[in-house]
Amino acid sequence: PDLPDRNCPKCGARMIKDGYEIPFEVFLGFDGDKVPDIDLNFSGEYQPRAFAKVIEMFGKENVFRAGTVIGIADKSAYGYVRKYMEEKGGNIQPGQVDILVKGITNVKRTTGQHPAGLIVVPEDRDILDYTPLQRPADKVDSETITTHFDFNSLHDRLVKLDVLGHDNPTVIRRLYEFTGIDPVDVPLDDPGTLSLFLNCDALDIKDPDFPFDLGVLGIPEFGTEFAMNMLKDTKPTTVAELLRISGLSHGTDVWLGNAADLIASGTATLRECVCTRDDIMVYLMHCGVEAKIAFDTMESVRKGKGLTPVMENAMRQAHVPDWYIDSCKKIKYMFPKAHAAAYVVAALRIAYYKVHMPLAFYAAYFSVRGEEMDAYDALQGIDHIKKILEDFKHKKDATARDEKQRVHLQLAMEMLARGYEFLPPDIQISHATMYLIEDGKLRMPLMAVAGLGENAANSVVEARKDGPFVTIEDVNERTKLNNTNIARLKEVGAFGDMWDTAQLSLF
């Protein structure tokens, strides 16, 4: 994907930029002896339908939810042991406590189900040949049937499909609805889009004091502080380099203390570093290592098992650099290139809309991911948002909700810095949950009002079907809004110039 369209220098054939150089053997092995790990990403809204489709395709008697076994954590084990020793009385020896803690750590506490995993049994086999079945947490009234054994113990025996619910497909669908432009037709090598990973020039920021120097806020996989620091260190200009960065950011002991140091010291470039598991097999085969050994080396490294003497010897005979061998030994987990490609393609498609159809981008992002957005803060202007973000920096006990608010406000600040505006929620016209484009601005939904939940917001939309609201009292009587909701809607101007009661209106 980093090559320009051109003719082959040898045969003159037209060379195009399609493809990501992912060998099929990575998926099934050279001899077809590897049980594949298949992830299927769907919009979270469609995940239940995807489950039903898998059952329809393979048959109800061949598809089962993947079970999990939840063990006792070490901290819980320590608590159990201390309580036991206290009840029994007598002197407690530290060594005795440690022995008992180790003895019950990871012992089964309860069972559950994988949130997305489906085990598929061949039609000529019976699931009971592999595992007993049960209901999760032994709830006899549950309609869900799971494997009794933890899915990890079945990993190399049966195929497991991960039917995952993601926000990215939902965001892309919203972008299509807002613009009418099919995301499949969006070019992945648009210069403006690719520039977001180097600077924010394509966003045409109007605020001279805007604190970010990259344009990837709100872009999945690349908008976090960790990912942005990686982008600053590597300065990617091609899709291929973005794939590598995606692999590095999802691996364990692949970037920090490994590739980051190699790049910083000038020992290797981003293109040369081990970034995805496929890189190992392809590179070693290119160096002359026998294909099966290259494949086995990739599998060993990506699982965090390091190198066997046979693997290391083959690499040294092929003159693989010492730094490359050392890098492989440090890795605990490696991301597959196919996953990186899927994530990067989605990111580039979403980023294209951010550059060329900005209001659609912000409307889609906040509609799908902006559950912690507070309309009051967003409507106070860019200086108010900057102050809140500064306060977040000094907050020592920040919660997960605080972190989501921080991310949403960063993107709201960027939108305002580009010259776009929010319109306040309006009790008469706002959607319950979605941000809508209105007269070149973004109309906030009812749920953007702090404390106003989805049920209450939907009750407003349902009540409007019987006619517009006349007074605030009328709103209170016809909807599920409580007094706190009413007060906060007033605070953001959602009632406009509506009177409190009909009596006041008449007067």
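1. A residue is called buried when its relative accessible area is under 20%, and exposed when that area is over 50%. The model discussed here is predicted. Y352 has a relative accessible area of 17%, so Y352 counts as buried. Y353 is buried as well, with a relative accessible area of 0%. The rings of Y352 and Y353 make an edge-to-face aromatic pair, with 6.2 Å between the centres and 90° between the planes.

2. K354 belongs to helix α14, which covers residues 337-356. Is K354 buried or exposed? K354 is buried, because its relative accessible area is 0%, and the cut-off for buried is under 20%. Leaving aside residues up to four places away in sequence, the contacts of K354 include L196, L203, G215, V216, L217 and I219. F361, Y362, L411, E414 and R418 are also touched by K354.

3. Two of those contacts, F361 and Y362, sit in helix α15, residues 358-369. This helix has 12 residues, and the distance from its first C-alpha to its last is 16 Å, close to the 16 Å expected at 1.5 Å a residue. Of these 12 residues, 12 are buried. Among them are P358, L359, A360, A363, A364, S367, V368 and R369.

4. What covers the buried residues of α15? The cover includes the helices α5 (167-179), α14 and α18 (400-417). It also includes the strands β9 (422-423), β10 (436-438) and β11 (441-443).

5. The aromatic residues of α15 deserve a separate point. F361 counts as buried because its relative accessibility is 1%, and Y362 counts as buried because its relative accessibility is 0%. F361 and Y362 form an edge-to-face aromatic pair, 5.0 Å centre to centre and with 75° between the planes. Both belong to one aromatic cluster, together with Y365, F366, F422 and Y435. The structure holds 12 aromatic pairs.

6. Helix α8 spans residues 239-250. Does its length agree or disagree with the expected span? Its 12 residues should span 16 Å at 1.5 Å a residue, and the end C-alpha atoms are 17 Å apart, so the two values agree.

7. α8 is mostly covered, with 10 of its 12 residues buried. The buried residues include the charged-type names E241 and R244, along with V239, A240, L242, L243, I245, S246, G247 and L248. Helices that cover the buried residues of α8 include α6 (191-195), α7 (225-234), α9 (255-265) and α10 (277-287). α14 is also part of this cover, and α14 is included in the cover of α15 too.

8. Strand β8 (residues 159-166) is joined to strand β3 (residues 37-43) by 7 bridges, and these two strands run parallel. β8 is also joined to strand β5 (residues 108-120), here by 4 bridges and in an antiparallel arrangement. Which residue of β8 is the bridge partner of I38? The partner of I38 is L161. L161 also stands opposite L118.

9. One contact between a charge and a ring can be added. R65 lies over the face of F51, at 4.6 Å from the ring centre.

How values were computed: Residues numbered from 1 in each chain as written. Predicted model: local features only at pLDDT ≥ 70, side-chain atom pairs only at ≥ 80, totals over all residues. Heavy atoms only, no water. Buried < 20%, exposed > 50% of the residue type's maximum accessible area, 1.4 Å probe, protein only. Contact = heavy atoms within 4.5 Å. Expected span 1.5 Å × (residues − 1). Phe/Tyr/Trp six-rings, centres within 6.5 Å; stacked < 30°, edge-to-face > 60°. Lys NZ or Arg CZ within 6 Å of the ring centre and 35° of its normal. Pairing = 2+ DSSP bridges.
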